[in-house]
Amino acid sequence: MRASVTANRDYGIAKIDSRLYGAFLEHLGRAIYTGIYEPDHKSADANGMRKDVIELVRELKVPIVRYPGGNFVSAYNWEDGVGPRKARPTRLDLAWHTSESNAVGVHEFAQWSEAAGAEMMLAINLGSRGLDEARNFVEYVNGPTGSAWGDLRKKHGRSEPFAVRHWCLGNEMDGPWQVGHKTADEYGRLANEVAKTLRAFDRSLELIVCGSSNSDMKSYPEWERIVLEHTYDAIDHISLHMYFANRGKNTAEYLALNAKLDAYIGAIASTIEFVRARKRSRKRVTISFDEWNVWYHSNVQDREILGGAKGWPHAPRLLEDIYNFEDALQVGCILNTFIRRSDVVKIACIAQLVNVIAPIMTEPGGAAWRQTIFYPYYFASAYGRGEALQLSVKSPGYDSEVADNVPYLDIAGVHDEAGKTLTFFAVNRHGGETLDLDVDLQGFAAARVMDHQVMTSADLEAVNTLKKPMTVAPKAGSGAEVKDERLTARLPRHSYQMIRLALA
Ligand code: AHR
């Protein structure tokens, strides 16, 4: 099977925003407790944070992390997580039916983010709470000393404002499961008032309103239209979420799902344009795709905890999906979609980062290790910076439930002019045939292959585990070459590739 691609130096989509490779950490399961925070662990730093985990997060070059939820945030009192630890209350978390000790709050998360080299993106509770708590929280985090909230922060050990730029106005407010769920009109009105108030405090904040929890929601995409009608002038981004699953054990259907993601982004990009035109606005709201990942492996084992059968455990093993090789291919396709839609998607957060549907896993008191999906995320984050290229792709394809003629080749290209590199991320979706790739490199004279990494496996269900953490890992590829301004490579069946060219 053959696929031909044209990459032209002058045909760019957009400069990729580094926030496209963000992540998410929620007070859920073991994401925080025994995930990033484990004071008794041998690698713990002075703040009780696991240094082995910080190293892996640094390896991923995660630019921004959303916190503290998620569904958790919709009944969260941020005040519970500040001040002397001994005085912090234990609360019942209604979203995940667990106990929250509040040993970690915004101060500890700030210390962790700094150590991990990531910016903070904080979510505000607009479920059980409202405008007043929102403004108090933002003032506590960002306000100057000399006023009540700034002085309280100073009393708690931090004199300088945290200077958090990104604020999510609630979480999945369209979802009936959400504490304080609202209609689009109710939420839109509230979010607009909160946004106006926060802007009165600081005009430079980047504010994110809730879009749909997924594109199967009944209210989608009317939800986005209504919310944007209310908030367009006061906010910067609209948030979308989507999770992927292969419940039917049908790999071809599973790997076609990023076509659904692409359509979702396209529909909301058009909705933004529609509202913008109605408002006669020059401003461009963009998309913050702040929850995405594969999520289904752990569903059955989670039911007992979520149903309350196990009481209110602290930091149980919730949503601990163990990812297989097939999921790594899926994550490669998802990231390619974000690169291709980087004209409108400016922020995206893999959900989540540690232990909970995550690329990084930890054992309490033991090691931290990389799941299969760590690698495509790593390659995109490390090398997918620069300008996304508008590739012309000719590949055989197949019809799926979500789209017709899904190409067997899923590919994205990124040109880093300053770094003088051109990088391709490619997935061969075909389960039986090698794909002969031929890329016409227009305007990229004297390119040469500097790195070629491949992920393949005879077993789509192969996983990494604590005991065998390297079963699925990239290997150096061979055979990719550039000759006469053409890149050729052979992509084995069901494989992921990262091919990096050095430019003259
Ligand atoms: O990431 C897990 C959960 O998925 C989040 O708490 C929620 O926002 C979404 O439904």
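1. In this predicted model, Gly 70 is placed in the loop that runs between strand S4 (64-67) and strand S5 (91-93). The peptide bond that joins Gly 69 and Gly 70 is cis, with omega at about 15°, and Gly 70 is also one of the residues that surround the ligand. Most peptide bonds are trans, so a reader who inspects this loop may wish to look at that bond.

2. A second cis peptide bond is found between Ala 351 and Gln 352, where omega is about 0°. Gln 352 lies in the loop between strand S12 (345-351) and strand S13 (360-362), and Gln 352, like Gly 70, belongs to the set of residues around the ligand. The side chain of Gln 352 has an N or O atom 3.0 Å from an oxygen atom of the ligand.

3. Which residues surround the ligand? They are Phe 24, Glu 26, Gly 70, Asn 71, Trp 96, Asn 171, Glu 172, Tyr 243, Glu 291, Trp 295, Gln 352 and Ile 357. Within this group, the side chain of Glu 172 places an N or O atom 2.7 Å from an oxygen atom of the ligand, and for the side chain of Glu 291 the distance from such an atom to a ligand oxygen is likewise 2.7 Å. The protein covers 95% of the 280 Å² of accessible area that the ligand has on its own, and the space that the ligand takes up is the largest pocket.

4. The backbone at His 97 also deserves a remark, since most residues other than glycine have a negative phi. His 97, which is not a glycine, has a positive phi near 55°, and His 97 is located in the loop between S5 and strand S6 (98-100).

5. Turning to the strands, how is the open sheet of five strands ordered? The order is S16-S1-S21-S25-S24, and the pairing is mixed. Strand S16 (392-394) and strand S24 (481-483) form the edges, each pairing on one side only. On average, and with direction ignored, neighbouring strands of this sheet are turned by 20° against each other.

6. At the S16 edge of that sheet, strand S1 (residues 2-8) pairs with S16 in the antiparallel sense, over three bridges. For one residue pair the register can be given directly, as Thr 6 has Ser 392 as its bridge partner in S16.

Note on methods
Residues numbered from 1 in each chain as written. Predicted model: local features only at pLDDT ≥ 70, side-chain atom pairs only at ≥ 80, totals over all residues. Heavy atoms only, no water. Pairing = 2+ DSSP bridges. Helix = DSSP H or I, 4+ residues; strand = E, 2+ residues; numbered from the N terminus. Axes fitted to C-alpha atoms, helices over the stretch in contact; angles between N-to-C directions. Near = heavy atom within 4 Å. Polar contact = N/O pair within 3.5 Å; in protein donor to acceptor, adjacent residues only side chain to side chain. Areas by Shrake-Rupley, 256 points an atom, 1.4 Å probe, with all protein chains shown as cover. 1 Å grid on protein atoms, 1.4 Å probe; cavity = no way out; pocket = protein on both sides within 12 Å on 5 of 7 lines; lining within 4 Å. Sits in = over half its atoms within 2 Å of the grid points.
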